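Visitor: Hey, got a minute to walk me through this one? Please start with the terms.
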Amino acid sequence: MTKETMLYTRDLIFSAIIRVCHWLRALSIVALVITGFYIAWPFLVAPQSSDVLVQGWIRMAHEIFGFILVAVTLARAYLFFFSKNNIERRSIKDVISPKAWFTQLKAYLWMGKAPHSGAYGPLQFVTYMGISVAAFFMCVTGLVLYANVYHLGLGGLLWEPSAWITQMMGGLAVVRLWHHYITWVFIIFVLIHVYMAVWMGIRFKHNSVDSIVSGYDYHPHHDEHEGK
Amino acid sequence: MDTHAALYEQGLARIASLRKLAPRKSKTLQQVMEDHGITRRDFMKWSASISAMLALPLPFSTLVAEAAEVADRVPLLWIQLAECTGCSESLLRASTPDVSTLIFDYVSLEYQETLMAAAGWQAEENLENAMRDNHGKYLLAFEGAVPTANNGAFLTVGCKGHTGLEIAKKAAEGAAAIISVGTCAAFGGVQAAAPNPTGAQGIHTIVDRPVINLGGCPPSEVNIVGTLMYFIMFGKLPALDMFNRPKWAYGARVHDNCERRGHFDAGEFVEEFGDQAAKDGYCLYKVGCKGPYTYNNCPTERFNAHTSWPVLAGHGCIGCSEPDFWDTMRDFEKPLGQQILHGLDADADTVGAVILGVTAVGIGAHAIGSIFAGKHEDK
């Protein structure tokens with residue numbers, strides 16, 4: 001057993017609202033994938049009484065979590081662009097720098113350290129951007145399908161834009177098919193995402209699993225006269 | 001004046017103007033109906049049901065009746081392109097011809113290849129005369145898609161060898177209104193299914209003016225006649241939906257008004273054809289019903305003089321009134337989520353699971369690599 005004494009600084013990476021958004025999004029994605037697959041292929045045996053609306057309740061859950069995802073997707077987009085703290089936006093610098101990409105990919109292959117101008121690495125940033133676009137797509141197609149189930153209130157309000165999107169996509173069947181396909185993007189993303197978060201924590205001691213809960217990341221402290 | 005009153009006035013004016021035109025049939029509608037044993041009472045019931053179907057209030061039923069009487073003043077050209085005549089048959093082959101069928105017969109049908117006696121040069125002459133004499137006034141119905149590849153050479157009709165594309169464009173020039181009857185004329189239908197070698201398309205893509213699309217393979221006779229009646233009554237197009245289908249017929253999904261909808265919400269499904277659930281009339285979603293993605297009035301209007309429709313007969317909806325249904329709605333006896341993807345011989349969930357598995361293997365390899373890569377020290 002060896003013991004080292006090092007000084008670390010504690011830096012706030014994720015504000016409370018971003019952490020809340022993350023976990024709400026995680027919760028709604030898990031719930032939506034499960035209820036969504038159920039709606040695609042209803043596998044539960046029907047109850048004895050037809051007064052128990054199995055399909056109806058599961059659809060209701062799917063819609064409630066769907067609306068949570070819609071809210072989080074909108075809030076998150078706003079925060080990304082207009083948040084006072086620019087730690088997320090700073091990562092764009094790495095995304096447009098080929099050198100940063102090269103260093104990042106090397107870091108994934110166990111060579112050197114990842115570049116971090118902001119909160120994310122370049123590949124990470126692009127992936128999250130893609131997932132946000134996918135979430136936006138799922139929200140839009142989901143709302144189109146919703147407008148066909150509830151014709152009054154919000155559904156009624158969404159009817160005209162939904163009809164336009166349905167027409168653009170070539171019919172409601174196409175909307176529903178793509179809503180199903182893109183589900184898999186989230187499933188595959190979650191697996192990679194959890195692995196990468198844990199792996200970064202083990203290899204670089206920057207545990208984002210920790211920071212997405214506590215909000216803080218830790219960096220070794222260097223005296224100012226040493227340079228960095 | 002409220003909208004309905006204004007519409008009623010418009011209808012009265014339109015019928016008055018039609019009445020001034022000379023009838024094109026020797027017999028009046030009343031005589032024709034008497035010949036077929038249809039009573040005045042039957043006729044009034046029909047008028048009331050047509051007004052209800054068009055979402056018009058009851059007073060309009062007298063307008064429908066009057067419009068039916070003057071239907072022989074409206075010239076109708078019915079052009080058949082790449083089609084199977086199923087839509088015409090839907091109207092004509094009713095075992096008990098009702099008023100709808102009679103009206104179709106009574107409308108001044110100037111050209112209809114299935115019904116006319118003329119053939120060859122005579123037929124061609126009839127078509128040319130009809131288009132010339134009624135220029136700007138005739139109602140034009142299309143049945144069948146237009147092949148557009150190779151300049152339309154995949155379809156030539158008649159002794160002069162005109163392509164369907166030429167005929168359709170020429171006929172559309174002089175039409176007062178255009179109706180695409182059936183999914184082929186509306187969206188291309190089975191002829192337009194991938195890979196669509198003949199470039200078959202719906203009529204609306206080759207004419208630059210509004211076309212009423214009556215999806216359905218075939219559309220029910222009431223949807224065809226209802227659209228005719230609307231035009232005769234008001235001389236204009238009805239309110240149309242996203243794919244230019246009349247809202248009164250295609251405003252709701254099959255799923256919305258399905259008699260088995262309660263079983264869907266309760267989670268009671270047919271697992272396979274012939275099982276107890278099928279005998280009990282449970283929901284057909286799991287055996288491929290596409291009612292949730294299909295806009296049509298089949299559950300309320302049904303077919304063959306309101307006798308039955310596919311779901312009542314025990315098979316799911318195949319979405320035949322939707323664009324590209326042959327491609328987007330397959331496989332007809334599986335729900336959409338289990339659609340077999342072209343060229344992959346697997347459904348989306350299998351493909352997704354395989355990619356997920358490959359990802360897991362990749363992650364495993366990376367994790368093992370990390371064990372041997374040695375430690376990274378923060379400096």
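Guide: Sure: two residues are in contact if their C-beta atoms, placed from the backbone, lie within 7 Å. This is a predicted model, where local features need pLDDT of at least 70, side-chain atom pairs count only at pLDDT 80 or more, and totals for chains, interfaces and linings use all residues. Residues are numbered from 1 along each chain as its sequence is written, while chains are lettered from A and ligands numbered from 1 in the order in which they are written.

Visitor: OK, how many residues of chain A are in contact with chain B?
Guide: 37 residues of chain A, and they meet 36 residues of chain B.

Visitor: Which helices of chain A each supply at least two residues there?
Guide: Helix H2 (54-82), helix H7 (159-169) and helix H8 (172-204). H8(A) gives the largest share, 16 residues. Helices here are DSSP runs of H or I with at least four residues, strands are E runs of at least two, and both are numbered from the N terminus.

Visitor: How do the residues on that side of chain A divide?
Guide: Into 25 nonpolar, 9 polar and 3 charged. Nonpolar means Ala, Val, Leu, Ile, Met, Phe, Trp, Tyr, Cys and Pro; charged means Asp, Glu, Lys and Arg; the others, Gly among them, are polar.

Visitor: Switching topic: what does the domain assignment of chain B give?
Guide: Domain 1 (16-250), domain 2 (255-338) and domain 3 (343-379), with bounds from an automatic or database assignment. The C-alpha centres of domains 1 and 3 of chain B lie 59 Å apart.

Visitor: And what box do the C-alpha atoms of chain B fill?
Guide: Roughly 100 × 50 × 45 Å, along the principal axes. Chain B's secondary structure comes to 17 helices and 11 strands.
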